[in-house]
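Open the viewer and keep the selection panel at hand. This tour tells you what to select next and what is there.

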Amino acid sequence: MNGDPTATSGHTRLEGRAKVTGAARYADDQRPAHCLYSCPVPATVARGTITAIDAAAALADPRVRVVLTHENAPRLAEVEDPTLAVLQSAHVAHRGQYVALVVAETPEAAERAAADVRVTYAAEPHDVVLVEGHPGVYAPEKANGGHPADRLRGDPDAAWAAAEVRVDATYRIPPLHNHPMEPHAATARWEDGRLVVHDSSQGTGEVRRTLAALFGLDGAQVLVVSEHVGGGFGCKGTPRPHVVLAAMAARVAGRPVRLALPRGQLAAVVGHRAPTVQRVRLASGPDGRIEGLVHEVLTRSSTLKEFVEQAAVPARVMYRSPASSTTHRVVRQDVPTPSWMRAPGEAPGMFALECAMDELALACGVDPVELRLRNEPDTEPDSGRPFSSRHLAECLREGAHRFGWAGRGPAGRAEGRLLVGTGVAASTYPVLITPAAAEVRATRDGTFEVRVNATDIGTGARTVLAVIAAEVLAVPVERITIEIGRSDLPRGGVAGGSSGTSSWGWAVHAAASELAGRLAAGTPVPAEGLSASADTRELVEQDAEYARHAFGAQFAEVQVDRDTGEVRLRRLLGVFAAGRILNPLTARSQLLGGMVMGASMALLEDSTMDPLFGDHAERDLASYHVAVNADVPDVQAYWIDERDEHVSPMGSKGIGEIGIVGTAAAIANAVHHATGVRVRDLPIGVRALVARLGGP
């Protein structure tokens with residue numbers, strides 16, 4: 001066991017000093033000579049056609065250089081993502097879609113001129129409210145991640161009919177928004193036909209590929225730099241309209257252009273977690289052993305692009321069940337296109353499944369930890385493959401011990417007007433690995449340089465890659481330098497899906513191993529240095545004979561004011577089995593961050609779709625609430641010592657997302673334990689509790 005919350009073992013971030021001193025330069029910190037500034041104009045209708053654009057007032061300002069619209073913007077080639085076809089058509093697919101871009105000498109002039117652009121629309125009736133029984137519901141072929149939308153094993157209806165104990169419940173989660181500290185931004189310039197972009201992105205390689213395709217360039221003609229990124233949580237995992245607009249404006253204006261999106265516009269143009277309506281049915285015997293499991297998901301996407309939140313997929317991994325059915329249904333509506341948000345699919349799906357497991361435990365009179373242990377599968381239920389490692393049972397037992405679960409009764413306790421309860425939930429996240437390449441170079445002064453197109457979005461990627469290289473080369477971390485975040489470096493995939501360490505790290509491990517072998521054999525280091533390279537494509541793309549997942553267990557204690565319905569989180573504890581932990585200091589930070597985000601999802605984050613205007617009403621951090629220090633007074637993260645050699649040479653798994661997955665369910669289950677009130681809709685707020693508690 002490791003992960004003592006008071007421990008400081010591990011390596012501090014290599015870029016830490018640069019960040020706290022302001023030396024680290026982000027996408028909007030670039031200052032190329034003669035730079036212009038831009039401000040986009042969002043559509044004010046949810047569906048329709050632009051009939052006229054009057055930019056005269058904006059262009060009257062001598063500081064304004066150009067106003068781009070669908071009438072004068074450069075034509076772009078088609079790409080896979082239609083949300084990037086900015087200013088190419090008069091059609092408006094959702095409110096907030098960009099319909100113009102003002103380019104000016106100062107940011108203030110651009111912002112003021114954008115407000116002066118007058119756009120006239122022929123508005124059409126719009127459809128933005130997700131309801132059960134919607135006439136547009138259909139069955140997609142795939143859900144996000146390439147998972148089959150539907151899976152059927154055995155006869156769950158027969159199991160339901162024969163079951164002595166049944167749980168049938170529906171859970172609802174609203175749209176959720178990523179809101180990283182650094183908004184999306186890009187600084188673009190053209191140099192002799194070559195496009196150079198500094199972008200706030202989780203992966204420069206995909207941005208380069210997309211920009212090259214859009215502008216008809218060879219990949220070598222595009223350089224994308226994302227040296228420092230102030231968070232992303234998935235919304236920066238794919239190219240977004242801002243980077244296309246910045247490149248387009250720089251080409252037209254003939255000068256560098258900066259574009260930083262206002263926070264109030266992010267909800268409409270950079271993706272969000274789609275709302276879900278999830279029905280879970282569990283059939284069991286009186287001992288709680290599941291005989292039938294049904295998880296049905298209803299979600300939505302935009303008319304521009306299909307994105308299906310894979311919320312039923314975790315149910316194919318977690319528990320034994322001789323019969324199961326997992327399905328996804330989707331509605332295409334006049335809304336912004338949803339996309340990845342930290343632990344897409346797993347975070348919303350496990351909220352529903354783990355709350356249903358708590359309801360089953362109560363119906364059977366079985367302790368919630370024991371119920372999960374009784375339903376441990378021998379192999380992955382969906383595929384039948386053996387697990388590369390699965391230490392969920394250890395996480396549950398260790399977490400129960402550390403949390404003080406023993407002796408917990410079927411109901412919570414009262415402390416005056418406060419009702420106090422505890423809850424538990426399990427979590428899982430797949431091990432995702434993408435091909436990568438890396439170069440490691442030895443110099444004559446005894447230092448080593450690592451080059452790989454990884455992206456550090458605040459996760460400590462630089463540091464852990466240095467740790468991997470230092471361990472292989474048997475040198476102190478201080479002798480390793482890291483170069484990442486540029487599309488002209490050896491290929492590395494996106495910083496998403498908790499895949500970074502396993503993907504980039506594998507390539508670094510392989511290159512460092514090759515170099516170490518050559519040095520051990522006595523190969524001299526020439527003046528220009530001695531380099532070794534590696535590419536993991538063939539190894540990574542081999543069919544995996546094991547089901548590879550990380551697991552965890554989260555425990556929560558809450559208090560609920562019986563008079564006001566206010567919920568406060570008292571304690572949150574997680575124990576995780578996520579492979580070998582390479583750098584405890586940054587790993588703990590990632591796990592704590594995930595759990596805090598899960599607490600925020602459970603109690604605070606809420607986004608409503610205005611049916612009249614077709615817009616997300618909460619568009620800033622004053623109205624879209626996220627957890628702050630006072631909301632999470634005691635959070636602890638631990639992990640099981642686990643080295644999974646079936647995953648990668650390092651034996652590590654991803655940790656960026658496993659922390660959020662079970663947290664919301666653990667808190668919801670704790671609220672029920674405290675109050676006896678089952679809240680199945682997030683966030684858990686005063687309105688859901690106060691009337692049922694008999695308060696004022």
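The stops run from the whole chain down to single residues.

**Whole chain**

Start with everything selected. This is a predicted model. Show the cartoon: the protein chain has 17 helices and 28 strands. Now reduce the view to the C-alpha trace. Along its principal axes the trace spans about 75 × 75 × 50 Å. How does the radius of gyration compare with that of a compact globule? The chain has 26 Å, and a compact globule of 696 residues would have a value near 26 Å, so the two agree.

Colour by burial next. Of the 696 residues, 59% count as buried. Switch on the surface: about 25800 Å² is exposed, and carbon and sulfur atoms supply 50% of that area. Then colour by charge. You should find 70 positive and 82 negative side chains. The centres of these two sets lie 2 Å apart.

One more global view is the contact map. Take contacts between residues at least 6 apart in sequence: 81% of them join residues at least 24 apart.

**Helix α5 and its surroundings**

Select α5, residues 204-214. Which of its residues are buried? They are Thr-204, Val-207, Thr-210, Leu-211, Ala-212 and Leu-214. Add β12 (194-199), β13 and α6 (241-253) to the selection, since these elements are what the buried residues of α5 pack against. Step past the helix to Gly-216, which follows α5 and has a positive phi, near 65°.

**Aromatic pairs**

Stay in this region and show the rings. The chain's count comes to 6 aromatic pairs. Select Trp-190 and Phe-215 for one of them: the pair is edge-to-face, with 5.6 Å centre to centre and 75° between the planes. Trp-190 sits in strand β11 (residues 185-191), while Phe-215 belongs to the loop between α5 and β13 (222-225). The two parts are 25 residues apart in sequence, so the pair ties them together. Phe-215 has 9% relative accessibility and therefore counts as buried.

Move to Phe-387 and Phe-551. Their pair is also edge-to-face. Centre to centre it spans 5.9 Å, with 80° between the planes. Phe-387 is in the loop between α9 (368-374) and α10 (392-403), and Phe-551 is in strand β24 (residues 549-561). This pair links distant parts of the chain, 164 residues apart. Are these two rings buried or exposed? Phe-387 counts as buried at 11% relative accessibility. Phe-551 counts as buried at 0%.

Then select Phe-403, Trp-405 and Phe-555. These three form one aromatic cluster.

**His-328**

Go to strand β17, residues 323-333, and pick His-328. Its relative accessible area is 0%, so His-328 is buried. Draw a distance from its C-alpha atom to that of Leu-298: you should read 6.1 Å. Along the chain, these residues are 30 apart.

**Glu-359**

Finish in helix α8, residues 346-364, where Glu-359 is found. Is this residue buried or exposed? Glu-359 is buried, with a relative accessible area of 13%. What does Glu-359 contact, leaving aside neighbours within four places in sequence? Select Val-167, Ala-169 and Tyr-171, then add Arg-678 and Arg-680: these are its contacts.

How values were computed: Residues numbered from 1 in each chain as written. Heavy atoms only, no water. Helix = DSSP H or I, 4+ residues; strand = E, 2+ residues; numbered from the N terminus. Rg over C-alpha atoms; globule rule 2.2 N^0.38 Å. Buried < 20%, exposed > 50% of the residue type's maximum accessible area, 1.4 Å probe, protein only. Contact = heavy atoms within 4.5 Å. Areas by Shrake-Rupley, 256 points an atom, 1.4 Å probe, with all protein chains shown as cover. Lys, Arg positive; Asp, Glu negative; His and termini not counted. Charge placed at Lys NZ, Arg CZ, Asp CG, Glu CD. Phe/Tyr/Trp six-rings, centres within 6.5 Å; stacked < 30°, edge-to-face > 60°.
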